[in-house]
Amino acid sequence: MATTTQLPASGSTRQLIICFLGIFVCYFYYGILQEKITRSDYGEGENKERFNYFFCLVFVQCIINAICARSVLQLTKTEPDKTPTRMYAICAVTYLGAMVASNSSLKWVSYPMQVLGKSCKPIPVMILGVLVARKSYPWIKYLSVLLIVAGVATFMYKDKGGKTTADDHLLGWGEILLLTSLTLDGLTGAVQEKMRSESRTQPHHMMFNINLWSILYLGITVFATGEMFTFVSFVNRYPYVMWNILLFGLGSALGQHFIFVTVTTFGPLTCSIITTTRKFFTILGSVIIFANPLLLRQWFGVALVFSGLGVDSVFGKTKKKPK
C-alpha cells in the first residue's frame, strides 16, 4: 500500500509545526535584535555613537552557541565524535569570518539588503562545487542561481538622477563584506560536508566544537586588538545593550538547535523551505518595524531572489539512484 511522502516516519505534524515556529520565532527575533544592536544610535545630540564591536558581538554569540550545544549533548545520547580536531579548527576560521563580515556589513547596508545578500548562499556553494569538487549540477540549479543573481542586481541597482553619494556605488564596503561572507559560507559548507561524509559528524558535536574553536580565536583577537576593553567601556555607558546581545546570542543558539532538529528529522529540503520563508518575513519585519522602505523595483528583486530559492528548494535536490 502506498504511503505519504510528505513527512518521514520519524517526524510528526506536531514536530514539524514546533520546528517551524522555533526557527521562525528565534531567527525573526534574532534579526530584529541584530538590527537594533548594530544600526541604532546610542547617546544623544553630538555624543551619538554606533555599535562597532563586531568581534565581541560574535564572541558572545559563539559562547552561548557552545553552551547550548554542550547542554544538548549532556542531555541526549549521541555516538562518540570521530571527527579530526583539525577539521573543526579549519571550519571555525571560515565560520567566524562569515559571521563577522555579515555583521560588519550592517555598518554600511540596510538590514533587508543584508538578509537578501545572505540568501545568495547557493551561488558560492555551486561555484566552489564546480571549481573545487568538479561537480555537475542539473539545469534547474543554474536557473535558480540566475533568478537569485537577477534579483540581487535588481535590488541593488541605483536609479540615475539625483545627487550621487559615496554609498551609491554598486560595490561599497557593505557589499564587499557581504560577498566575503558568502564566499566564506561556501567554504564552510564544503568543510562541513567533508566532515559529514568522512566522519559522520553529529550536528551538536559539530555545533559545539566549531563554536569552541571560534571562542579560542576570538578570545585572542578581542584582547590582542584591545576591542574587549573598548567594548566593556561601551557597555558601561549603555548597559541595556548587553541584555540585547545576550538575547541575540540565545536566539541564534536556539535557532540553530531547531535547524539541526529539522534537518535530522524531516530532511534538508523541509528545512530549506522553512528558512527561506523565514528570511522573507524577516525582511518584511525590518521594513515595518525599522521603517526601511523598499521601492517597487526592490520588492521585485526580493521576489526574484525568493523565487530562485523556492525553485532550488523544491526541484533542485538531486535524488540518489537506488543501488
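Here is a short chat between a colleague and a modeller about the structure above.

Colleague: Before we start, what kind of model is this?

Modeller: Residues are numbered from 1 along each chain as its sequence is written, and side-chain values use heavy atoms, with hydrogens and water left out. Local features need pLDDT of at least 70, side-chain atom pairs count only at pLDDT 80 or more, and totals for chains, interfaces and linings use all residues, since what you have here is a predicted model.

Colleague: Which helix gives the most to the largest nonpolar core?

Modeller: A nonpolar core is a set of buried Ala, Val, Leu, Ile, Met, Phe, Trp, Tyr and Cys residues joined through side-chain atoms within 4.5 Å, where buried means under 20% relative accessible area, exposed over 50% and partly exposed in between (1.4 Å probe, protein chains only). The largest one here has 49 residues. Among the helices (DSSP runs of H or I, at least four residues, numbered from the N terminus) that each supply at least two residues are helix 1 (13-39) and helix 10 (240-266). The top contributor, with 11 residues, is helix 2.

Colleague: How are helix 2 and helix 9 oriented to each other?

Modeller: Their axes, lines fitted to C-alpha atoms over the stretch in contact, with angles running from 0 to 180 degrees between N-to-C directions, are 9 Å apart at an angle of about 85°. Angles under 35 degrees count as roughly parallel, over 145 as roughly antiparallel, 65 to 115 as roughly perpendicular and the rest as oblique. So helix 2 and helix 9 are roughly perpendicular.

Colleague: Which residues of helix 9 make that contact?

Modeller: Contact means heavy atoms within 4.5 Å. From helix 2 come F54, F55, C56 and F59. Facing them from helix 9 are E227, M228 and F231.

Colleague: Which residue forms a salt bridge with R50?

Modeller: A salt bridge is a side-chain nitrogen of Lys or Arg within 4 Å of a carboxyl oxygen of Asp or Glu, and the structure holds two. R50 is partly exposed at 33% relative accessibility. Its closest N and O atoms are 2.9 Å apart in the pair with D41.

Colleague: And how many residues apart in sequence are the parts that R237 and E49 tie together?

Modeller: The side chains of R237 and E49 meet in a salt bridge at 3.1 Å, N to O. R237 lies in helix 9 and E49 in the loop between helix 1 and helix 2, so the pair ties together parts whose separation in sequence is 188 residues.
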